[in-house]
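I sat down with this model today and kept notes as I went. Here is what I looked up, entry by entry.

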Amino acid sequence: MTDSTIRKNKFITFEGIDGAGKSTHIAFVSKYLQDRGIDLVSSREPGGTQLGEKLRELVLHEPMHLETEALLMFASRREHIAQVIAPALARGAWVISDRFTDASFAYQGGGRGMDLAKLDALEHWVHPHLQPDLTLLFDVPLDVARARLDATRTLDKFEQEKTDFFAATRNEYLRRAAQFPQRFRLVDATRTIAEIEVEITGILDELLAQR
């Protein structure tokens, strides 16, 4: 489902540690694409469906075994794909998602230390033929991310984690980006919003040119 010679629509995901600023740019990307006539569906993980939003509350706020956490994430994802992502792509729409499976590898695998082979198995079970066409990975140093979090809102259980958790999470994101360079674009999120938007615009224009 990522062969652009067959499918002209795209599946775009946004990734990064908490505080990287990715959410700031989702609205920009949505408007940019819609202004160019793209039929667009925007969603998020965990969440995206009625059941997914209930699971989101559990995952973000309830203490649990790390494998339970991972299984709930993939349960939410299976529902998200079935109800939102797959139907949208089937009708020819573009889909953008605030997080997808790379986040499970980063947070449960990197941050929590879960065996990556188990996450591989879950990934191949839940979506064996679906991968994003483009993953925008917003990257910042840990001190920048922490300062942004401390200045925003009440933090969920992930956002309250210590520096070593976020270091391991960030490292796993960077490992995934190196493993799948064909779909990842690493965005230096320490720059101004305007500078980042210029870069994102260029990336999106490359995708639009494939239509």
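My entries follow, grouped by the part of the chain I was looking at.

**Before starting.** I am working from a predicted model, and I number residues from 1 along the chain.

**Entry 1, the Glu45 loop.** I began with Glu45, which sits in the loop between β2 (40–44) and α2 (50–61). Is Glu45 buried or exposed? I find a relative accessible area of 5%; the cut-off for buried is under 20%, so Glu45 counts as buried. Next I looked for side-chain partners of this acid. The side chain of Glu45 has a polar contact of 2.6 Å with that of Arg77, and another of 2.8 Å with that of His80. Leaving aside neighbours within four places in sequence, I also list Arg56, Ser97, Asp98, Arg99 and Phe100 among the contacts of Glu45.

**Entry 2, the bond after Glu45.** I checked omega here and found that the peptide bond from Glu45 to Pro46 is cis, with omega near -15 degrees. Pro46 is in the loop between β2 and α2. I note for reference that most peptide bonds are trans.

**Entry 3, Arg99.** Arg99 had turned up as a contact of Glu45, and I went to its backbone next. Arg99 is in the loop between β3 (94–98) and α4. Its phi is positive, about 85 degrees, although Arg99 is not a glycine. Most residues other than glycine have a negative phi. I get 10% relative accessibility for Arg99, which counts as buried.

**Entry 4, α3 against α4.** How do α3 and α4 run relative to each other? I have helix α3 (residues 66–90) and helix α4 (residues 101–111) packing at an angle of about 170 degrees, with axes 11 Å apart. Angles over 145 degrees count as roughly antiparallel, and α3 and α4 are therefore roughly antiparallel to each other. On the α3 side, I wrote down Leu66, Glu69, Ala70, Met73, Phe74 and Arg77; they meet Thr101, Ser104 and Gln108 of α4. I sorted the residues of this contact into 4 nonpolar, 3 polar and 2 charged. Arg77 is thus in my notes twice, since it also has the polar contact with Glu45.

**Entry 5, α5.** Which residues of helix α5 (residues 116–126) are buried? I find Leu119, Leu122, Glu123 and Val126. Seen down the axis of α5, these fall within an arc of 100 degrees, so they line one face of the helix. What covers them includes α3, α4 and α7 (163–179). On the other side of α5, His124 and Trp125 are exposed. At the N-terminal end, Asp115 caps α5, with a side-chain oxygen 2.9 Å from the backbone nitrogen of Ala117.

**Entry 6, Thr135.** I moved on to strand β4 (residues 134–139), where Thr135 sits. Thr135 is buried, at 0% relative accessibility. Its side chain makes a polar contact of 2.6 Å with the side chain of Arg183. Beyond four places in sequence, Thr135 is also in contact with Thr13, Glu15, Asp102, Phe184 and Arg185, among others.

**Entry 7, Val29.** Last, I looked at Val29 in helix α1 (residues 22–34). Val29 counts as buried, at 0% relative accessibility. Outside its sequence neighbours within four places, Val29 is in contact with Phe14, Ile200 and Leu204. I also noted a C-alpha separation of 8.8 Å between Val29 and Ile96, which are 67 residues apart along the chain.

Key:
Predicted model: local features only at pLDDT ≥ 70, side-chain atom pairs only at ≥ 80, totals over all residues. Heavy atoms only, no water. Axes fitted to C-alpha atoms, helices over the stretch in contact; angles between N-to-C directions. Helix = DSSP H or I, 4+ residues; strand = E, 2+ residues; numbered from the N terminus. Parallel < 35°, antiparallel > 145°, perpendicular 65-115°, else oblique. Contact = heavy atoms within 4.5 Å. Nonpolar A, V, L, I, M, F, W, Y, C, P; charged D, E, K, R; others polar. Buried < 20%, exposed > 50% of the residue type's maximum accessible area, 1.4 Å probe, protein only. Polar contact = N/O pair within 3.5 Å; in protein donor to acceptor, adjacent residues only side chain to side chain. Arc of directions from axis to C-beta.
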